[in-house]
Amino acid sequence: MFSYRHAFHAGNHADVLKHLVLIATARHLMQKSGALTLIDTHAGAGIYRLDDQAAQTSGEALAGIARLQAALATDFKTNVAAAGVDQAQAAIDSEANILQDYLRLIAGFNRSAAPGAAWKVYPGSPLILHALMSEPGRAAVHDRLRLFELHPTDWQALQAHVAQLGAGRQVSMAREDGFAALKALLPPPAAAGGSRRALVLIDPSYEIKSDYAKVAAAVQDGLKRFVTGVYAVWYPIIARPEAHALPRRLKTLAQQAGRDWLHATLHIGVPPGGAPGLSASGMFVINPPHTLAPALRDALPAVVQVLGRGRGQGYTVDAG
């Protein structure tokens, strides 16, 4: 327990997939004026240095976000955000260009970097969500961000990083089990017009096998409490029965509840001779935006082209 530290993995291919889906989903939901409740059940430290010992030791960011920056940042003009121009003004149709929007957002956290320099900071899901809810066109809505983290070191870091945001009551944190805490947040409080909307991100470390069952149970309970909520689950694709069974279980839960679903996977492949570490992951979304599947089908081929490293590389996007 608590052996997993995301600082070693921040900005890797799994983060790329997770945050492509998260940003595109949140963007779509934010097209409506009603306030959103945004929940991250396993928040981590909030933001990570890509030039510190942990990231340098694993090298996963170098094979992930650093490659995307080098290959695509110029083409997608993310230097606009790095130069300090407002993201909302620089954006084009972000729903149709989710890879561009993702890179632009990461660049926004690296505005102090010299032009063309490698990015040194990678935001976790909490700061990504906060950035989206704080953009000029959205800030007046007063979305709510609820964060949970148990790891003692990451909890301390998260507190410090959130304090720097000066977000006040819009962001709340608790050192609690996110699975258990989720029950008290659903259904979410009603917005001014009476609507209730929530986006729930569930992405534990899966360092213990019971996490897979806890994810399914949390989604099942969430759908009973708030069937119209958007539930986004990240999971590793590894040689473990629980990992292979999880997306099937989530699909069954969505179908039983009569809700739409989307399942996307990213495989970067295994180079000759094999390589240690994770090579594939998936995102399962219940009640996804109707724009998400086509947007991912447009974006993921470029991601695979840049990050692919050998046998088995590819992607899938299934929806129903």
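Two strands pair if DSSP finds at least two bridges between them. Keep that rule in mind for the sheet. Helices (H or I, at least four residues) and strands (E, at least two) are DSSP runs, numbered from the N terminus.

Some ground rules. This is a predicted model, where local features need pLDDT of at least 70, side-chain atom pairs count only at pLDDT 80 or more, and totals for chains, interfaces and linings use all residues. Residues are numbered from 1 along each chain as its sequence is written, and side-chain values use heavy atoms, with hydrogens and water left out.

Now the sheet. It is open, it has eight strands, and the pairing is mixed. The order reads E5-E4-E1-E6-E7-E9-E8-E10. Which strands sit at the edges? They are E5 and E10, the latter at 314-319, and each pairs on one side only. On average, neighbouring strands are turned by 10° against each other, direction ignored.

Take one pair from it. E6, residues 198-202, runs parallel to E7, residues 230-236, with four bridges. Leu199 has Val230 in E7 as its bridge partner.

Next, the helices across those strands. Angles here run from 0 to 180 degrees between N-to-C directions; axes are lines fitted to C-alpha atoms, for helices over the stretch in contact. Contact means heavy atoms within 4.5 Å. H10, residues 210-225, lies across E6, E7 and E9 (280-286), at about 170° to E7. H11, residues 241-257, lies across E7, E8 (261-267) and E9, at about 165° to E7.

One residue to pick out is Ser210, which is in H10. Buried or exposed? The scale first: buried is under 20% relative accessible area, exposed is over 50%, and partly exposed is in between (1.4 Å probe, protein chains only). Ser210 is partly exposed, at 34%. Its C-alpha atom is 8.8 Å from that of Glu242, and the two residues are 32 apart along the chain.

On to the rings. Rings of Phe, Tyr and Trp (its six-membered ring) pair if their centres lie within 6.5 Å; planes under 30 degrees apart count as stacked, over 60 as edge-to-face, the rest as tilted. How many aromatic pairs does that rule give? Three. Tyr206 and Tyr212 make a tilted one, with 4.6 Å centre to centre and 40° between the planes. Tyr206 counts as buried because its relative accessibility is 4%. Tyr212, at 3%, counts as buried too.

Then Trp261 and Phe284. Their ring centres are 5.8 Å apart and their planes stand at 10°, so this pair is stacked. It links distant parts of the chain: Trp261 is in E8, Phe284 is in E9, and they are 23 residues apart. Trp261 is buried at 10%, and Phe284 is buried at 2%. Ring pairs also join Tyr206, Tyr212 and Trp234 into a cluster.

Last stop, H8. The expected span of a helix is 1.5 Å times one less than its number of residues. For the twelve residues of H8, 152-163, that should give 16 Å; the end C-alpha atoms are 17 Å apart, which agrees. Which residues of H8 are buried? Asp154, Trp155, Leu158 and Val162. They cover an arc of only 100° around the axis, so they are on the same side of H8. That arc is taken from the directions from the helix axis to the C-beta atoms. The face turned away from the buried side carries Gln156 and Ala163, both exposed. What covers the buried residues of H8? The cover includes H7 (125-133), E4 (144-148) and E5 (171-174).
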